[in-house]
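Biologist: Please take a close look at the part of this model around the ligand. I would like one connected account, with the cut-offs stated.

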Amino acid sequence: MAFGHIFFATNMMLTGLAYVWKFVVAALAFAFASLLVYYVPASRRPRNFPPGPPGLPVLGNLHQMPVKKLFLKFHEWQKQYGPVVGLKLGPLNVVVLSNYKPVRELYDKRGNIYSSRPDHYVGNNLICPNEVHILFQPYGPTWRALRKAAVGLLNGPSIESIIPLQQAESSQTMYDIMQTPEQWFEHLRRYAAAVVLEAVYGQRGATYDDPKITGFFEIEMAFAEIMAAGATPPVDAFPFLKHIASFLTHYKSLAVAVGNKQKAFYNALFDNTKARMNRGDTAPCYMQKLLEGSQQSGLSHDQLVYVGGILLEAGSETSASNLHLFVLAMISHPEVLKKAQKEVDDLCGDSVSPSARHIKDLPYMRAIMTEIFRWRPLAPEGPPHMLTQDDWYDGYFLPKGTIVFANTWSIHHDESEYDKPADFIPERWLNNKFGTTAGGDTVDGDNRRVTYAFGASRRVCPGQEMGENSLMINMAKMAWAFDMKADPDSPPDLDARATYSDSFVGGPHAFPAILTVRSQKHREVLERDHREAQEFLRRYED
Ligand code: HEM
């Protein structure tokens, strides 16, 4: 009896199991067939789509996309297929623009349809839900409101009001480099974050190990890691992957945790500024203005909090990385540093260091800066944009929803435009506004941009002027104050692969450089500048 029961039960179980298995197999087969029915045709190239490498059914060109240094692969493809390349990432249509002409025509002239962002499930749903982060917002009212709030800091009189801060923080940074030159890399990073902290929140980040500075860079690193290509499955190309059981999708909880940390950090900065406002001891700052006008802005509390965070994110690593690239360029091109030093010496002598009022009179230094943007543009493949309606360019059809990259690397390394594009030659900018060889399309007023390192379209970086002011002030002060040399035991590696980290923004990893003060006189000026800067910066202390 007992055996009978057991047999019966076992038999029932096996029958049940067989049934379940049959069901699972049938369901999987059905799901797979449905996927094939949808994904095989969807992965074919549309008619009249721009040329590109042949792909595989379902995947398209997905398997050919490198996880790192995508811009170099795009550069290789444009040599083979021309300045407008079409790719398929599963069902997604992707177009890469590699010359300024299509970028000018599509991004700048037709900016109303080329300024959106593609869906980013991880960014928009897991890390930053509730439409708080400008980076992920599609073109539309939310993006417009966030951009308006961010731009309030970055135009007209507001930009002018930041200059004394940039100057004082730069003086502090030169002093820090003089005291601990082996930490020059961190001092420049601190500079970039500290300026935004003060301008936006009225709060100070006086040292690199201040929790506001280290906390911010730690969160940025976690954000960059989870956002890096290959860190998460391709859920935007294959949305069914979102529904795979959560034990296989550790990335989801990781992304949510990064988002929670980020939000807590920005909330703490925001609350601190509010508390200081309530006590009546706020240093003048942009968040105060935003809070006072928050009724009119129509932004939610979280969006307001994130406007501050966005400015911190967008303005810190970008400015710092360009300053790191400046040091890299100087230690690898001593003849350029010599010329830069002569220019600042002729203007300032040795009893004052260059400051904001000098930067308009430093054409060679400006040429160095523009050459850095060309030589090693940050975000070298350009952030992805999304086309919001069907369009045609040069006989090619670009369907609505196409993801478009303006590959800054190719635009600025075009051999038909630039003489020896791989080389660092600031002089190319002295006689030609666009840095191109004679005979190029260098006519004023043709809407060509001098640099594409800040993007293009209605999405173009609104912080260019603030960023350039930071770079010019610091580069001029550094060239004036320090001799910069490569470490003979560790010469700089200038290969493009080595000079880009694989983070979201992509400046170089830390590298050794020897910075020494040029004379006792220079040292005394740096000490005096530092004392004056401390006086000015005191108001931002807690
Ligand atoms: C100094 C070097 C900088 C570089 C190279 C740089 C580069 C860029 C690039 C490539 C974009 C994307 C443009 C696109 O989507 O096509 C961007 C967007 C943005 N940048 Fe900058 N940036 C810099 C500094 C700054 C600064 C100092 C701020 C403000 C504090 C800032 C604020 C922003 C904002 C708010 C956006 C988002 C714009 C939008 O989506 O509408 N940037 N930047």
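Modeller: What follows covers the ligand shell, then one annotated residue in it, then the nonpolar core.

This is a predicted model, in which local features need pLDDT of at least 70 and side-chain atom pairs count only at pLDDT 80 or more, while totals for chains, interfaces and linings use all residues. Residues are numbered from 1 along each chain as its sequence is written.

The shell around the ligand holds 27 residues, and G315, G455, C461, G463 and G467 come nearest. A residue is near a molecule if its C-beta atom, placed from the backbone, lies within 6 Å of it. By type, the shell residues divide into 17 nonpolar, 8 polar and 2 charged. Here Ala, Val, Leu, Ile, Met, Phe, Trp, Tyr, Cys and Pro count as nonpolar, Asp, Glu, Lys and Arg as charged, and the others, Gly among them, as polar. Helices α5, α12 and α16 each supply at least two residues of the shell, and α12 gives the most, with 7 residues. Helices (H or I, at least four residues) and strands (E, at least two) are DSSP runs, numbered from the N terminus.

C461 deserves a separate look. UniProt, in an unreviewed entry, places the feature "binding site" at C461. UniProt positions are given in the numbering used here, feature names are shortened, and annotations may be inferred rather than shown by experiment. C461 lies in the loop between α15 (408-412) and α16 (464-481). C461 counts as partly exposed because 18 other C-beta atoms lie within 10 Å; the class runs between buried (20 or more other C-beta atoms within 10 Å of the residue's own) and exposed (12 or fewer), with C-beta atoms placed from the backbone. Leaving out residues up to four places away in sequence, C461 touches F454 and G455, where contact means C-beta atoms, placed from the backbone, within 7 Å. G455 is also among the residues that come nearest to the ligand.

Helix α12 links this account to the core. The largest nonpolar core has 130 residues, of which V200, M475 and A476 touch the most other members. Its largest share, 16 residues, comes from helix α12 (residues 301-332). Such a core is a set of buried Ala, Val, Leu, Ile, Met, Phe, Trp, Tyr and Cys residues joined through C-beta atoms within 7 Å. V200 touches L153, C285, Y286, M287, G308, L311 and L312, again without residues up to four places away in sequence.

How values were computed
Two residues are in contact if their C-beta atoms, placed from the backbone, lie within 7 Å.
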